[in-house]
Amino acid sequence: MPRPEVLSEENIVRAIHKAWWDEQENRKESSIFKGQNISVSRLSILNLDELFVIFHKQLDTSPNGVIIGAGEINVRQLKEVGRNFTANPTELTVEVDPIKGDAEKRIVENPAHAEIPQKISRGLANKIIDELIFHRNQI
Amino acid sequence: MNLQITTNQANIFPFGFGSSRADENLRSHKNYNKQKAKLFEVEIVEPKQKENLALTTQTIAVIGINGKRRFDEFKNYPNGWYGGKGKEISKRSVFIFEQFIKYLPELKSFRPSLFFTLEGNLSLGWEDKNGQSIEVEFYADRIEYFIKSTDEESSITLAYILQFTEKIKNLLK
C-alpha cells in the first residue's frame, strides 16, 4: 500500500550533523540532502524542540558527532526546486512514514517522520540547501 | 605481512604519481630481500590504526586549524554514526584528499571547509572568486564534484586527478 504524501502546505525539517555544517565558515555540505530515502520530520506533527530531543536520541551515536541544527523547507518549495533543477529535473515527493519506538532495537519513536524516496544528486542537494531556513540546536 | 602491505600500496596507486612516496615504497617491494629497512617505512606511511591517521603540515596549512580540528573529530567517528548509517573514515579517501591538496596549495586563501560524508569520505567545500560554491568529495576510486557557477555535477577517475586540479585552478584565478 503506497504511503500517503505530505501536503504541499506543510513544512519539513532535516537534522543536520556537525560533519555537514562548518559553523566557523558557515558552510554546508550536500550530505544534508544527498542520497535516497532521505529522512525528514513534519513540523505539523511535532515542533522543533520536540524534534531536537528525538534527533539527539536517535543520531548522536558518537560523543563528538552531534546534531547541531535543522534545515526547514516548505514541501511545495521543495518540489519546485526539484522541477526547476535544469541539469536533471526531478519530481520530488515527501511520504508519511511514522516511526514506532523500540527500546530493544534502540529505535526512537518519531510520529513526525517522513521520507523523500527519490534519489537526490549532489547538485540538486545544493539547490535545496540554498532554500533552507536554518535553526541552530536549542538544546 | 610486510609483503602484503606493500602489495596493497601497489593497488592504491594505479595512477602513478611520479616521485611520490608510493613509488618509493613500490621500489622497496621489488628490492624486498635487499632492502628490508625500506619496508619498515611502508608501515609508517600507511598506518593500520585510525588513531595514527594524521594530516601533513602541507594539508593543515591549507585547511587551517578549524579544518584540522574537524578532521581529528571525523577520524574518531565509529562505524554506524548518524543512526547506524555512517561509515568510519576511509584511509583511501584521506590519501586522495591529500594528493588533491598537494597540487592546489592556492586553495588556502579560499579558507575551504572540511566535511565528512556517510560513506566515510572527506569532502571539501569553498566559494570561487564570484562567491559560487564548489564541492569536492574524495572516494576511494574517484572524485565527485559540483561546480555551482556552471551547474556542473560529475566525477572523475583517479587517473585524471591532475587534469582535475588544473580545472579547479582555473576556477580560482
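Does A:Asn26 count as buried or exposed? With 9 C-beta neighbours inside 10 Å, A:Asn26 counts as exposed. The numbered points below return to this residue after a survey of the two chains.

1. Status of the model. The structure is a predicted model, and every remark in this note should be read with that in mind.

2. Chain A, overall form. The secondary structure of chain A consists of three helices and eight strands. Followed along the sequence, these elements give the pattern β-β-β-β-α-β-α-β-β-α-β. The C-alpha atoms of the chain occupy a box of roughly 45 × 45 × 25 Å along the principal axes. The radius of gyration of chain A is 15 Å, which agrees with the value near 14 Å for a compact globule of 139 residues.

3. Chain A, burial and contacts. Of the 139 residues in chain A, 42% are buried. Among contacts in this chain with a separation of 6 or more, 76% join residues that lie 24 or more positions apart.

4. Helix H1 of chain A. This helix covers residues 48–59, which makes 12 residues. From its first C-alpha to its last it reaches 15 Å, close to the 16 Å expected at 1.5 Å a residue. Its buried residues are A:Leu51, A:Phe52, A:Ile54, A:Phe55, A:Gln58 and A:Leu59. These residues lie on the same side of H1(A), because they cover an arc of only 165° around the axis. The elements that cover them include three strands of chain A, namely E1 (11–17), E4 (38–42) and E5 (67–74).

5. Helix H2 of chain A. In this helix, residues 75–83, the buried positions are A:Val75, A:Leu78, A:Val81 and A:Gly82. Seen down the axis, they fall within an arc of 120°, so they line one face of the helix. Their packing partners in chain A are E1, E5 and helix H3 (122–131). Strand E5 is thus named for H2(A) and also among the elements that cover the buried residues of H1(A).

6. Two asparagines with positive phi. Most residues other than glycine have a negative phi. A:Asn26 has a phi near 50°, a positive value in a residue other than glycine. A:Asn26 is found in the loop between strand E2 (21–22) and strand E3 (27–28) of chain A. A:Asn37 also has a positive phi, near 55°, and belongs to the loop between E3 and E4. As stated at the start, A:Asn26 is exposed. A:Asn37 is exposed as well, with 12 other C-beta atoms within 10 Å.

7. A buried loop residue. Where does A:Ala112 lie in chain A? A:Ala112 is in the loop between strand E6 (95–96) and strand E7 (113–116). This residue is buried, with 23 other C-beta atoms within 10 Å; the cut-off for burial is 20 or more. Leaving aside residues up to four places away in sequence, A:Ala112 touches A:Ser41, A:Arg42, A:Ile45, A:Leu46 and A:Leu51. One of these, A:Leu51, is among the buried residues of H1(A). A:Ala112 and A:Val96 are separated by 16 residues in sequence and by 8.0 Å in space, C-alpha to C-alpha.

8. Chain B, overall form. Chain B has six helices and five strands. From the N terminus on, the order of its elements is α-α-α-α-α-β-β-β-β-β-α. Buried residues make up 32% of the 173 residues in this chain. Among its contacts with a separation of 6 or more, 48% are between residues 24 or more positions apart.

9. The interface. In the contact between the chains, 25 residues of chain B meet 22 residues of chain A. On the chain B side, the elements giving two or more residues are helix H4 (57–74) and the strands E1 (113–116), E2 (122–127), E3 (133–138) and E4 (142–147). By class, this side has nine nonpolar, nine polar and seven charged residues.

10. The nonpolar core. The largest nonpolar core has 66 residues. Those with the most contacts inside it are A:Ile12, A:Ile128, B:Phe138 and B:Ile143. What does B:Ile143 touch, not counting residues up to four places away in sequence? Its contacts are B:Ile96, B:Val136, B:Phe138, B:Ser155, B:Ile156, B:Ile161 and B:Phe164.

Notes. Residues numbered from 1 in each chain as written. Chains lettered and ligands numbered in written order. Predicted model: local features only at pLDDT ≥ 70, side-chain atom pairs only at ≥ 80, totals over all residues. Core = buried A, V, L, I, M, F, W, Y, C linked by C-beta atoms within 7 Å. Contact = placed C-beta atoms within 7 Å. Helix = DSSP H or I, 4+ residues; strand = E, 2+ residues; numbered from the N terminus. Expected span 1.5 Å × (residues − 1). Arc of directions from axis to C-beta. Nonpolar A, V, L, I, M, F, W, Y, C, P; charged D, E, K, R; others polar. Rg over C-alpha atoms; globule rule 2.2 N^0.38 Å.
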